[in-house]
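Work through the exercises below with the sequence and the coordinates at hand, and compare your reasoning with each solution.

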Amino acid sequence: MAVCARLCGVGPSRGCRRRQQRRDPAETAAADSEPDTDLEEERIEAGAAELCSEWSGRSSSPSPPPRCSLLELPPELLVEIFASLPGTDLPSLAQVCTKFCRILHNDTIWRRRCREEYGVCENLRKLEITGVSCRDVYAKRINPRVKSGRFMKILPDYEHMEYRDVYTCLLHRYRHILGLWQPDIGPYGGLLNVVVDGLFIIGWMYLPPHDPHVDDPMRFKPLFRIHLMERKSATVECMYGHRGPHNGHIQIVKKDEFSTKCNQTEHHRMSGGRQEEFRTWLREEWGRTLEDIFHEHMQELILMKFIYTSQYDNCLTYRRIYLPPSHPDDLIRPGLFKGTYGSHGLEIVMLSFHGKHARVTKITGDPNIPAGQQTVEIDLMHRIQLPNVESLCNFNELSRIVLEAQEQVRQEQQRQEDRTEDGESSGPPTEVREPENEGAAPLKEEPVQFVLPVGVSSRNENYPRTCRMCFYGTGLIAGHGFTSPERTPGVFILFDEDRFGFIWLELKSFSLYSRVQATFRNADAPSPQAFEEMLKNIQSLTS
């Protein structure tokens, strides 16, 4: 802008003097005759002219108002100004002049950019003063199994490191991998959260709690980390296994996709061989031993998952996922939930709203319904009124109500198809508008008593005994290997803001879902269209 140009002392409003000197007279005249349409600049210039005229009336020797240049400001003020700019703009600013370049070497500027853009709160110079040494921070956050003494040789030299190096060589360089990701582990999927944790970038794998405790908090373990071992060099380390950090590699394949590779897979092996590795994995994954699991089919599923997932050795490809956008009219706040899936244990799903429907998409999966598939769809236009508790205990009564809702949905879809065909044959189709909020339930209602019908199995008997509302829905079932998939009718039960359930009518099974209570940064979709595209992409990978 013209005002900025004059404040910087660069030149008049139509560009700097040097650029105008290179113009020929015709171009200069054309530029000068060009109208200035910036109302803000006109207002400032008018005010300045008024002040100038008043001053000239009082003085016998009028002179133009003095120009103020950024170069004339004291260094302390320039540091404050530069520290408020985005870090990506600072390299260009350093090329303006020698003074700006010298000021931008002030580490206060870069420390503020690290804090405001990436949430880095640690002080490189005062970690010892906080009562927690660098070694203890490293040991507690990264690998609590390894004794602190082993970290002395690989601890970064923070005393001689600058925030400018942290920003440029670590945070800015790897900014594209921050956020939520789904690893490509066949049907099992997963949830990876890449965050800035202190002076590290760490990839945490989120795991559901042990079956069937769906209300317990999530578990997580580190898969890789990135940090500065030297002033200008970022180091990638694999955290998989039980022998501490070791050499790894990260490659950004393309937008919204990256891969990790372990260069020392021998660190993943245990001295007791595969049997010890399986027993350790089983305790971490299920919180029990194989002898404690009496169901033979469940034992087979567990062993199959161990054999399949262990072959990757933390050499994985990740694809970005977004959290669903929310709207004030949504039934409840969308987001990530943990759900019970019979012998497959607990899995992570995503609840999202799409107009008259809601969808539950698997983030982690199993050999029957793999990750990325839409496990449940809720029809928000078809409310189900549950009978009293005595009648609800009868499964046949619940089945009758659900099948009537299914038939009603089928008839409405048939009428909609007939109207579409008639519109195509007789002319352009007419828009069919549903009455606003027809069939939609109010967001707040008095809870009613709820009990599972006799004969419906549940992994968790500690389900809520009251619910707010119920809707007709369909659930996806399939054979092993995602063979013969089909959607079957069921009931979506909303218990409260953080819990819902689904009764699978054909399976006579009940799934309970509980919200993942965690805050995720860099996980919001840039637009509703980007979120819809993400859902299609993760579903197509396992279709």
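The exercises that follow concern a predicted model and its aromatic rings.

**Exercise 1.** Classify the geometry of the ring pair W281 and F306, and state where in the chain the two residues lie.

*Solution.* A search of the whole structure finds 24 aromatic pairs. For W281 and F306, the ring centres are 5.4 Å apart and the planes stand at 55°, so the pair is tilted, given that planes under 30 degrees apart count as stacked and those over 60 as edge-to-face. W281 belongs to helix α11 (residues 273-286) and F306 to helix α12 (residues 296-310), so that the pair links parts of the chain 25 residues apart.

**Exercise 2.** Are W281 and F306 buried or exposed?

*Solution.* The cut-off for buried is under 20% relative accessible area. W281, at 12%, therefore counts as buried, and F306, with 6%, is buried as well.

**Exercise 3.** Repeat the analysis for Y341 and Y513.

*Solution.* The ring centres of Y341 and Y513 lie 6.0 Å apart with the planes at 80°, so this pair is edge-to-face. Y341 sits in the loop between β9 (335-340) and β10 (346-354), whereas Y513 is in strand β19 (residues 509-515), 172 residues apart from Y341. Y341 is buried with a relative accessible area of 10%, and Y513 is buried with 0%. Both tyrosines belong to a cluster linked by ring pairs, which also includes F337, F492, F500, F502 and W504.

**Exercise 4.** Which charged residues lie over the rings of F471 and F395?

*Solution.* R383 lies over the face of F471, at 5.9 Å from the ring centre, while the charged end of K508 sits over the ring of F395, 4.8 Å from its centre.

Note on methods: Residues are numbered from 1 along each chain as its sequence is written. This is a predicted model: local features need pLDDT of at least 70, side-chain atom pairs count only at pLDDT 80 or more; totals for chains, interfaces and linings use all residues. Side-chain values use heavy atoms; hydrogens and water are left out. Rings of Phe, Tyr and Trp (its six-membered ring) pair if their centres lie within 6.5 Å; planes under 30 degrees apart count as stacked, over 60 as edge-to-face and the rest as tilted. Helices (H or I, at least four residues) and strands (E, at least two) are DSSP runs, numbered from the N terminus. Buried means under 20% relative accessible area, exposed over 50%, partly exposed in between (1.4 Å probe, protein chains only). A charge sits over a ring if NZ of Lys or CZ of Arg is within 6 Å of the ring centre and within 35 degrees of the ring normal.
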